[in-house]
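Colleague: I would like a close look at one part of this complex, the open sheet in chain C. Could you take me through its strands, and then place it within the rest of the model?

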Amino acid sequence: MHTSPPATVEGEAHENPALLHHFATEEQQKNAASLGMWLFLITEIMFFGGMFCAYLVYRYAYFGDFAAASSSLDLKLGTINTIVLIGSSLTVAMAIRCAQVGKQKAIVGYLVLTIILGVAFLGIKAIEYKQKFDEHHVPGLANFHLEGHVPRHADVPVNQNHAQIYFSLYFAMTGMHALHMIIGVGLFAYLTYKAYKGRYGPGYYTPLENGGLYWHFVDIVWIYLFPLLYLIDRHP
Amino acid sequence: MHRPATWPRRPRNRKFQVTSMATAVLETGERETYLNREYGIKSWLLTVDHKRIALLYLMGITFFFFIGGFFALLIRLELLTPAGDLVQADTYNKLFTMHGQVMVFFFLIPAVPAVLGNFLIPIMIGAKDLAFPRINLLSWYLYIIGGILMVYTILAGGVDTGWTFYTPLSTEFLKTNVTTAALAVFVSGFSSILTGLNFIVTTHRMRAPGMTWNRLPLFVWAHYATSIIQVLGTPVVAIAIVLVALERLFHLGIFNPTLGGDPLLFQHLFWFYSHPAVYIMILPGMGIISEIVCCFSRKRVFGYKAMAIALLGIAVVGFLVWAHHMFVAGISLYAALIFSFLSYFVAVPSAIKVFNWTSTMYKGSISYQTPMLYAFGFIGLFTMGGLTGLFLACLGVDVHVTDTYFVVAHFHYIMVGGMVMAYLGGMHFWWPKISGRLYPEGWGRLAALLVFVGFNLTFFPQFILGYMGMPRRYWDYSHSPEFQILNVLSTAGATILAVGYLLPMIYFLWSMRYGKPAPDNPWNAAGLEWTIPSPPTTFNFEEQPVVTWEAYNYDELDQRREEVPVAH
Amino acid sequence: MANNVDALYIFLLVVSALMSVLIFTMVIFFAVRYRKKAGVRAEQIDGSHALEITWSVIPFCVFMVFFVWGAELYFKERRPPQNSAEVYTVAKQWMWKFEHMEGQREINELHVPVGRDVKMIMTSQDVIHSFYVPAFRIKQDVLPGRYTVAWFHPTKAGTYHLFCAEYCGTMHSGMVGSVVVMEPKDYQAWMGGGGNQPLAVTGEKLFAELGCATCHKTDTQGRGPNLAALFNKPVLLEDGRTVVADENYLRESILQPTAKIVNGFKPVMPTFQGQISDEQLNALVAYVKSLGQQSNAPARNVAAAAPQP
């Protein structure tokens, strides 16, 4: 009888099967989970914060070169991606709402839509990365070169080293963001599976809610990245 | 604030059919505990019991402590003579680098929180486990993966960046295993973050009825403050280390001045975490000392609220002082001024703590068991470490003594004199609870004495060396033979210290088999952990504890003992 | 300077010793006086805000004395006096290269006269080093890609250790040297031996060779700004900022001319990054600085700055 680890304790059949052994009530468990999620997001803010800090230092020091490098990004794709991502945040919110009111099929539908939008974002990002490779805008490669001049100074060519720092930060920040997106898509695939199994409803949707928090966070990071990276010195 | 009204019904799952923990008796006739409930490697590697995970950590931490200690001994042996004659220059550089990285990231940071904190926090607040048991196990695996990467780094030839990874040396110039070392630190950092996250949520959400914030043992407060730093600080060093690795792999130029980067930016990012990391190491130790001093003085702690606020104050102000590591690095005069000023702020709560521990002893009933000896040692050494910190915060003096042995001595007084003393004191204090056995008291006192004497002999001479101007990280000092006598003293001390550290490991292991079985409360100490059997059962409490007493109610305990003499 | 640092150090030491003795005496006294005795129970005390405030406020006031005294000293340590003898220093793995204004070059050995302020203008060719002379109680990290500055005022003839205090790779502990402080007479003799070309003159020649003079004229305004009397003066940039033309500004303007464009000028100057060595750069900076005092007599100016007996 003493052969299995308590890890496998699943709870009583007639109780909420999601209630873990060491919690007293569902409410306690839900509160713990969402506090944990918020703390995790604070950690994430600090994680991106280090890169934002580096970005600000160099943007201040090398503004002209950063502006020039920023202008080489594809504004159209960036804008589309911003819309895609905001749309996906909406679908996540809708999925959670559907769980609250118990619309089983709609949960799955919205979650699938979220995944599609997430993948679309990653696809567009991949196209942008491809362009950067084709244009030799990838830092660290021997063929790195950025044509052009500093804004409002047609006679000052872009400093290649400083442009390279810009693109290093561009790839580090968007790359780290994309990594979060990939993890998010994986997470949502799992949530979709669970939702498909009918796991979430008005009584229990904590994982959906926390997954949503994560997704919104990743979305918000992009909301900062987009203007900082794409819109440094754009004029109509 | 939510608090559970009733203890959960024990799940009647087919996999788990214990009718009542109190009556659970194994077929051998022994009482069932978290240790003997299951056997086999799988029952340990897949456990989510916080107590078992604490023991898993204990093994890893002990392993890395002795690895790091071995490097330290080699360093001390090399410095016995002025010439660089025992090892090559590169080897020496690797030794102090790996000593630092192993000790800081794989011993000091996880030691108290991951072992004692993990074991005790749920019990102290009356919970069955941490809020996220599986994440707790994940933390351990991350620690081990980081540890394996570190061991790989060592075996593959080592790394010689210095534990600080300063750029551009680490990114552009060294040919050693910098990337794997960086990865090791990165991965173990996530272990630390998740542990901190788990502790914060547990402290907020899992407290038993009646366990208000004002009744929390200071040990829990200390870990709460520590966890805040872990959650806020660690990700910053994680990203700085990632950038070092990327820079090294692709030569991006973010920290490389020849490509327009700024090496000081790395130092800022690094110390933004690594200064608060000092408090990750020392705050849990302060928590332990508070428990021990109260218990062996039979007294309530002097100024409970001040002690708790001081812990949080150190955690918060600790985030605002990082650039005091950079007074000669080339930062502006005014930045230095501000950081020096703030550094004195963080000294005030530390001073409060020392005075309050001392006052706790006033009119107490003090006995000198091993944990209390370590506590005495802690107060003395931490005081000296703290006061020499004031020298380093003092701009005019720092210019002379920074990057010398003065700094080395200072942080070893805090890290080893403070934190390791507290860790050993805590291990002795709670060993009966953890293992269910008593350690041999005589040997314990001897080891405590050896550690204290050996420590002072090792590190006190280094203060003088530092003021004489011996820079740190020097392999060869044949140009200045006047440094030798103090180095010889230091090396002699290190050998005594080594014996002092080996002894507890030996008699702890010995006691697991031959030690006297421990009673539930061998010290007659206050706190929920002493109300349950030694060792505890898997779910800690038979029934939901309800706390009706204040922390450190030694008056009541002693009164009760007088009424009902306890047979030992 | 060493005396000042020592005085503060001793003050810190005495205060710390007093604090330690106070705490240790209390701990030992309480441990003995209140040791466990049969039948005697501990007396419970909750704490005392009055006491806690006392031992927060008093230490804090003492700390503030440390802070103010330390900060005052630091400002002295960090701000070289006017008219110091200047020594341009290039650190590299694992040696120190010095160049005096008078043109003498030394490696790992620095000769200076007693009684004269010496300003070290330092840069590194590779990693971060740190210039540390324990006897003078000064230390300053030496960074690649910029100048950092330290100064000292030797008062006693003798030979003093020079250490690299920032870990810089394999032979970090071998990056040591000495500072030889000489009586002014001996120093003159040592100086006289070389027949070297003053650094500013080297810089002047280089200035001509590299064609700088075609745009940077010293009498009239050319295509580039007039450099006469530029050093340590504020410069208005075209983006509205004002910067002080210190050594780091001169250095940056030579290596990255477009980083800070002077108001009213076009960014036409080519970069010299990677085209001149650190030593050549030092000579150019020294030359431009020498223009600061007397626009057309750099060499004489340097001679005037030679050590006075």
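Modeller: Happy to. Please keep in mind throughout that this is a predicted model. Let me start with the sheet itself, then turn to confidence, a buried loop residue, and the other chains.

The sheet in chain C is open and is built from 5 strands in the order β3-β2-β1-β5-β8, with mixed pairing. β3 and β8 of chain C stand at its edges; each has a single partner strand, so one side of each is left without a neighbour in the sheet. On average, neighbouring strands are turned by 25° against each other, direction ignored.

Let us walk in from the β3 edge. Strand β3(C), residues 105-107, is joined to β2(C) by 3 bridges, and the two run antiparallel. Two of the pairings can be found by eye: E106(C) in β3(C) is the bridge partner of F98(C), and I107(C) in β3(C) is the bridge partner of K97(C). β2(C) and β3(C) form a hairpin with 4 residues between them. In that turn, have a look at G103(C), where phi is positive, at about 105°.

The next step takes us from β2(C) to β1(C). Here residues 95-100 (β2) and residues 85-92 (β1) of chain C pair in the antiparallel sense over 6 bridges. This is again a hairpin, now with 2 residues between the strands. F98(C) turns up once more, since T89(C) stands opposite F98(C) in β2(C). F98(C) is therefore a handy residue to centre your view on: T89(C) stands opposite it, and E106(C) in β3(C) is its bridge partner. As you look along these strands, it helps to recall that in a regular strand the side chains alternate between the two faces of the sheet.

At the other end of the order, strand β5 (residues 118-124) of chain C is joined to β8(C) by 5 bridges, and this pair runs antiparallel. I121(C) is the residue to pick out in β5(C), as it stands opposite V149(C) in β8(C). What about the surroundings of β8(C), residues 148-152? 4 of its 5 residues are buried, so β8(C) is largely enclosed by the rest of the structure. An edge place in the sheet thus goes together here with a strand that is largely enclosed.

How far can you lean on this? The mean pLDDT of chain C is 87, and 93% of its residues reach 70 or more. Among the elements of chain C, strand β6 (residues 129-133) has the highest mean pLDDT, at 96, while helix α7 (residues 298-304) has the lowest, at 38. Over residues 295-309 of chain C the pLDDT is below 50, although this stretch has 30 contacts in the model beyond near neighbours in sequence. Where pLDDT is low, the predicted coordinates should not be read in detail. For the complex, the predictor gives an ipTM of 0.88 and a pTM of 0.91.

Elsewhere in chain C, A245(C) rewards a visit. A245(C) lies in the loop between β12 (242-244) and α5 (247-255) of chain C. A245(C) counts as buried because 22 C-beta neighbours lie inside 10 Å. Leaving aside neighbours within four places in sequence, its contacts are L230(C), F231(C), N232(C), K233(C), V235(C) and L250(C). With L230(C), which is 15 residues away along the chain, the C-alpha separation is 6.7 Å.

Chain C also meets chain B, in a contact that takes 73 residues from chain B and 68 residues from chain C. On the side of chain B that touches chain C, α10(B) gives the most, with 14 residues. By class, that side has 43 nonpolar, 20 polar and 10 charged residues.

Finally, chain A makes a good contrast to the sheet you asked about, with 6 helices and 0 strands. Its radius of gyration is 22 Å, well over the 18 Å that the globule rule gives for 236 residues, so chain A is more spread out than a compact globule. Its C-alpha trace spans about 80 × 35 × 25 Å along the principal axes. Of its 236 residues, 40% count as buried. Among the contacts in chain A with a separation of 6 or more, 75% come from residues 24 or more positions apart.

Note on methods. Residues numbered from 1 in each chain as written. Chains lettered and ligands numbered in written order. Buried ≥ 20, exposed ≤ 12 C-beta atoms within 10 Å, placed from the backbone. Contact = placed C-beta atoms within 7 Å. Rg over C-alpha atoms; globule rule 2.2 N^0.38 Å. Nonpolar A, V, L, I, M, F, W, Y, C, P; charged D, E, K, R; others polar. Pairing = 2+ DSSP bridges. pLDDT = per-residue confidence, 0-100. Axes fitted to C-alpha atoms, helices over the stretch in contact; angles between N-to-C directions.
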